[in-house]
Amino acid sequence: MSDEAPQAAEALTDERVVADRVAKLARLREAGVEPYAYSYAPTHSAAEALAAFAAHEEAHGGDEMGEPVRIAGRLVSRRVMGKSTFGHLADRTGRIQLYLRVNDLGDAYGLLDLVDLGDWIGAEGVLFRTRTGEVSLRVSAFQLLSKALRPLPLGKEEVDAETGERRVYSGFTDVEARYRQRYADLAVNPEVRDTFVLRAKVVRALRRFLDDRGFVEVETPVLQPLYGGALARPFTTHHNALDMQLYLRIAVELYLKRLIVGGMERVYEIGRNFRNEGLSRFHNPEFTMLEFYAAYMDYEDVMRLTEELLVHVVDDVLGGGPVRFGEHEIRFQAPFARYTMYEAIREFGGVDVPSLSDDELRAAVLAIPELKDRASVASMGRGKLVDELFGAYVEPRMIQPTFITDYPREMSPLAKPKRGDPALTERFELMVAGKELLNAYSELNDPIDQRERFESQARLALAGDDETQPLDEDFLRALEYGMPPTGGFGMGIDRLLMILSGNASIRDVILFPTMRPE
């Protein structure tokens, strides 16, 4: 197994590298070696092997553990020293050094010339500590598990002269290429794998919290005859057998509330939603939401449950403490700060919304310095104008977890009127790190009021607003059977992961984000 000099690898085109490896593949088969194994049975992961050696060393001393171990992973580095070779094998838990000698392997040592960086191999042997102090596997037998025909962008390995710490720098730094080829990104960037392991832990913690409080996880349709539950543009498709237009869901809200009508009382769903909107570091057209609905709760109850939920997740997954996001340390400590929407706009934007007419409110929006779409302001309803003010003056300042409550009726077609002020609704959003993390209501359960809200949304659509809630007759029929007082909640899992993992782009927490064609 000869060293691959970086400059030589760079001189070869991808096609020539692949051709060279395909030739090695043929030579392996000529030698009777199957380069794509059916299975392999490791006894230890890399981390387990290192832990086993540490336990043996503490209990018995010595620099060798006699019990043989079998490990498997991808070959990520190597160094040839005459009739011996050092290399590193990487698996999901970390890396471990291999030590291969012709004295131990005999004729099989020659097959190492046909092994490349990036190949998957299984190795068996005993663990020992080298003269430089690194725990390694002295290999007595190895098996090629999968031949890599395309070289991974592994980068180079450097050793700190003072500490002896070995670091591997990824050669895969093109951000767009990493998103397109997530398989290669995961293979060479362990921190990316860590992000998605964290994601799985967060989802488990969310489920456990809700399951422990009597919620039932359900599944509702992704293909819907009518979209709803949010103000967004849908993706459309066509069902050939039924000859009907269908929509990819933009939210699961209306179906979950149908289940509350049916008496299930506490339900939740974690699933994909789809919205036909632009791409940004905060938006992907396909994203994951958690929504739950609980009978007999109002938005004050849901606020308390939200605090408990997020504190639980941060404690369970990260051990509590502040979460680093960019230049900020986010503290998920109850109670969270609170403002009404109008209080926040008045304090941070200097605009007293209740005192302004529609024309004055429109002028206040047009005065926003960074306003991008000035032409659409003329067709905006009052709720949309308030939302523009909030997004410009308030949202970027909400770094620590902060509840924004009591939204205008026009912005909240599915929320109950606020007790004492029917121009507002019992709705809140939780803002964290300058963005909305979740949205919740005292759910509207008056079918007559709900119909009027739907009709108001239809008038906005006729005026040119393309993000409105269509009138859903079947949902109204469900409400007419009676829905108990209900609190509802919807949170973006991807945005939560951005904050908890310290990633500034939503694409860093979605395994396969939506991309433009190459």
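A residue is called buried under 20% relative accessible area, exposed over 50%, and partly exposed in between. Leu511 has a relative accessible area of 35% and is therefore partly exposed. The structure discussed here is a predicted model, and the points below follow a few of its residues, together with one helix, from the surface to buried positions.

**Surface positions**

- Leu511 lies in the segment that comes after helix H15 (493-501), and together with Tyr183 and Phe512 this leucine makes a nonpolar surface patch of about 350 Å².
- Pro68 belongs to strand E1, which covers residues 64-81, and because its relative accessibility is 48%, this proline counts as partly exposed.
- Once residues up to four places away in sequence are set aside, Pro68 touches Gly125 and Val126.
- Although Pro68 and Ser140 are 72 residues apart along the chain, their C-alpha atoms are separated by 9.3 Å.

**Helix H12 and its packing**

- Helix H12 consists of 12 residues, 382-393, which at 1.5 Å a residue should span 16 Å, and the 17 Å between its end C-alpha atoms agrees with that expectation.
- The buried residues of H12 are Arg382, Gly383, Leu385, Val386, Leu389, Phe390, Ala392 and Tyr393.
- These buried residues pack against two helices, H10 (341-349) and H11 (358-366), and against two strands, E17 (402-408) and E19 (421-432).

**Thr405 in strand E17**

- Thr405 is located in strand E17, one of the elements against which the buried residues of H12 pack.
- With a relative accessible area of 7%, Thr405 is buried, because that value falls under the 20% limit.
- Not counting residues up to four places away in sequence, Thr405 touches Tyr299, Met303, Tyr339, Thr340, Met341, Arg427 and Phe428.

**Lys257 in helix H8**

- Lys257 sits in helix H8, made up of residues 253-261, and because its relative accessibility is 0%, this lysine counts as buried.
- The side chain of Lys257 is joined to the side chain of Glu443 by a polar contact of 2.7 Å.
- Leaving aside neighbours within four places in sequence, the residues in contact with Lys257 are Tyr293, Leu414, Glu443, Phe475 and Met483, so that Glu443 appears both in this list and as the partner in the polar contact.

Methods
Residues are numbered from 1 along each chain as its sequence is written. This is a predicted model: local features need pLDDT of at least 70, side-chain atom pairs count only at pLDDT 80 or more; totals for chains, interfaces and linings use all residues. Side-chain values use heavy atoms; hydrogens and water are left out. Patches are made of residues with over 30% relative accessible area and no salt bridge: like charges are joined within 9 Å, nonpolar side chains (Val, Leu, Ile, Met, Phe, Trp, Tyr) within 5 Å. Accessible areas come from the Shrake-Rupley method with a 1.4 Å probe; for residues, only the protein chains shown count as cover. A salt bridge is a side-chain nitrogen of Lys or Arg within 4 Å of a carboxyl oxygen of Asp or Glu. Helices (H or I, at least four residues) and strands (E, at least two) are DSSP runs, numbered from the N terminus. Buried means under 20% relative accessible area, exposed over 50%, partly exposed in between (1.4 Å probe, protein chains only). The expected span of a helix is 1.5 Å times one less than its number of residues. Contact means heavy atoms within 4.5 Å. A polar contact is a pair of N or O atoms within 3.5 Å; within protein, one must be able to donate a hydrogen and the other to accept it, and residues adjacent in sequence count only if both atoms are side-chain atoms.
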